[in-house]
Amino acid sequence: MRMSVVGTGYLGATHAACMAALGHDVIGIDTDPAKVAALSSGTVPFWEPGLDTVLQDSLRSGRLHFTTDVTEATDAAVHFICVGTPQRSDSPAADLTHVHGAVSALLPILTPESLVVGKSTVPVGTAAEIADHVAATGARVAWNPEFLREGHAVDDTLHPDRLVFGVRDAISEATLCEVYATLLADGTPLLVTDFATAELVKVSANAFLATKISFINAMAEVCEATGGDILTLSTALGLDPRIGPQFLRAGLGFGGGCLPKDIRAFMARAGELGVDEALMFLRNIDDINIRRRQHTVDLTIEALNGSARGRRVAAWGAAFKPDSDDVRDSPALHVAAALREAGADVVVHDPRAMDNARRLFPDLSYAASALDAARDADVVLLLTEWRDYNELDPAEVAAVTRQASLIDARNALDVDRWRSAGWTYRALGRPLA
Ligand code: UDX
């Protein structure tokens with residue numbers, strides 16, 4: 001099938017390359033010429049394991065092209081909307097400027113044969129609005145939420161847990177079945193529903209995941225007040241098949257371009273719909289999450305005997321999670337910046353996210369290796385659980401620091417290994433010694 005993908009960020013670039021890998025003829029459209037040039041030359045402008053290979057193979061096959069010119073997609077039957085929906089700068093609601101911009105750009109090329117498929121995460125009601133917007137062209141609209149995780153984007157796209165189609169007519173459903181024929185033949189579960197449910201599946205999935213993380217982090221707070229151990233507690237909870245072990249990793253909490261802004265936009269939309277009480281609990285989920293960041297700052301200042309001024313802090317990790325170079329709403333950088341604000345000399349290291357971090361926080365110092373970041377440090381913070389940090393030799397790190405003091409904000413390192421190398425080791429939600 002001939003299709004366009006509008007917006008070639010984390011979601012769109014992955015979707016475009018994967019649709020071409022499934023045999024479709026795909027044109028990726030973006031307003032940013034630099035992004036289009038990079039993707040056209042086979043370079044992924046962000047870190048996503050495995051995506052470069054899929055992109056290069058798809059380009060070589062001749063089935064994938066990128067452009068800034070929407071008219072090149074005139075003959076496409078399906079147009080996927082994959083643009084970002086960040087938090088508005090003046091409120092917690094979602095900023096739909098890019099979604100409406102993408103639809104307006106498509107308008108001149110839409111025909112009664114076209115299907116516009118929304119994949120961006122949007123407030124419930126957006127699909128219906130878009131259907132009204134394009135009605136005069138005769139084009140159909142469908143909502144097909146995307147659940148991909150950064151770091152697993154290719155696999156999540158080619159082997160999704162489920163496909164959800166929000167449609168108003170049988171032709172749209174049949175077209176989407178054709179788009180995803182390979183995945184459906186592989187047995188991927190399919191749910192066909194209305195617009196509102198399709199939009200809600202995505203935001204409620206993210207709200208649930210955020211709730212699970214904040215639940216375990218709230219338990220970590222209680223553990224800290226009682227001498228309990230969050231790792232044993234979460235293992236015990238996760239063994240109950242009704243609860244399950246996923247998303248029960250206690251630590252610095254969630255960040256990134258999705259979970260934080262999605263729960264806020266969901267609350268804002270609930271307010272508009274007059275059901276704000278139903279989602280009131282998400283305010284607590286957000287608060288618990290942000291509290292973990294402040295707690296890590298407080299623990300660090302405590303480890304520095306009450307003042308960060310003039311002290312040297314090594315911050316291991318800048319990305320919002322490992323296997324990503326995304327620093328949007330990164331808990332790690334939030335902590336690093338707060339300590340810098342408190343007067344510390346903070347030296348950041350991250351295996352992949354250094355350039356993005358530097359752009360966002362030019363005031364922080366950056367080191368080329370974890371060991372360099374730790375040089376002369378009064379305290380070392382593990383803020384993003386990259387595997388690289390587990391491979392460090394605690395004795396070698398201790399030899400370059402001023403004090404062998406470590407705060408593991410992700411419960412990621414082997415506590416016995418570090419303590420037996422002489423480190424004072426504190427971890428969120430775990431007993432002191
Ligand atoms: C998320 C959803 O998982 C995905 O389905 C949706 O499409 C987009 O949002 P992503 O933002 O890539 O994906 O990251 P995810 O792996 O879900 O992690 C989100 C955050 O939660 C990260 O900051 C991570 O460090 C944190 N997290 C995750 C925890 O703190 N504890 C956990 O147990 C799991």
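How many salt bridges are there between domain 1 and domain 2? The count is one, and this tour will take you to it. Keep in mind as you click around that you are looking at a predicted model.

**Stop 1: the two domains.** Select residues 2-193 and colour them as domain 1, then give 194-433 another colour as domain 2. Taken over C-alpha atoms, the centres of domain 1 and domain 2 are 31 Å apart.

**Stop 2: where they touch.** Now select the residues in contact across the boundary: 34 residues of domain 1 meet 26 residues of domain 2. Together the two domains bury about 2,500 Å² between them, and carbon and sulfur atoms give 61% of that area. On the domain 1 side, pick Trp47, Val124 and Glu150: these lose the most area to domain 2, together 30% of what that side buries.

**Stop 3: the salt bridge.** Stay on Glu150 and add Arg328 to your selection. These two form a salt bridge, with their closest N and O atoms 3.2 Å apart. If you like hunting for polar contacts, there are 16 residue pairs to find between domain 1 and domain 2, with both residues at pLDDT 80 or more.

**Stop 4: the elements behind the surface.** Show the cartoon and select helix H5 (126-134), strand S6 (140-143) and strand S7 (163-166), each of which supplies at least two residues to the side of domain 1 that touches domain 2. H5 gives the largest share, four residues. Finally, colour that side of domain 1 by class, and you should find 21 nonpolar, eight polar and five charged residues.

Conventions:
Residues are numbered from 1 along each chain as its sequence is written. This is a predicted model: local features need pLDDT of at least 70, side-chain atom pairs count only at pLDDT 80 or more; totals for chains, interfaces and linings use all residues. Side-chain values use heavy atoms; hydrogens and water are left out. Domain bounds come from an automatic or database domain assignment. Contact means heavy atoms within 4.5 Å. Buried area is the accessible area (1.4 Å probe) that two parts lose on being put together, summed over both. A salt bridge is a side-chain nitrogen of Lys or Arg within 4 Å of a carboxyl oxygen of Asp or Glu. A polar contact is a pair of N or O atoms within 3.5 Å; within protein, one must be able to donate a hydrogen and the other to accept it, and residues adjacent in sequence count only if both atoms are side-chain atoms. Ala, Val, Leu, Ile, Met, Phe, Trp, Tyr, Cys and Pro count as nonpolar, Asp, Glu, Lys and Arg as charged, and the others, Gly among them, as polar.
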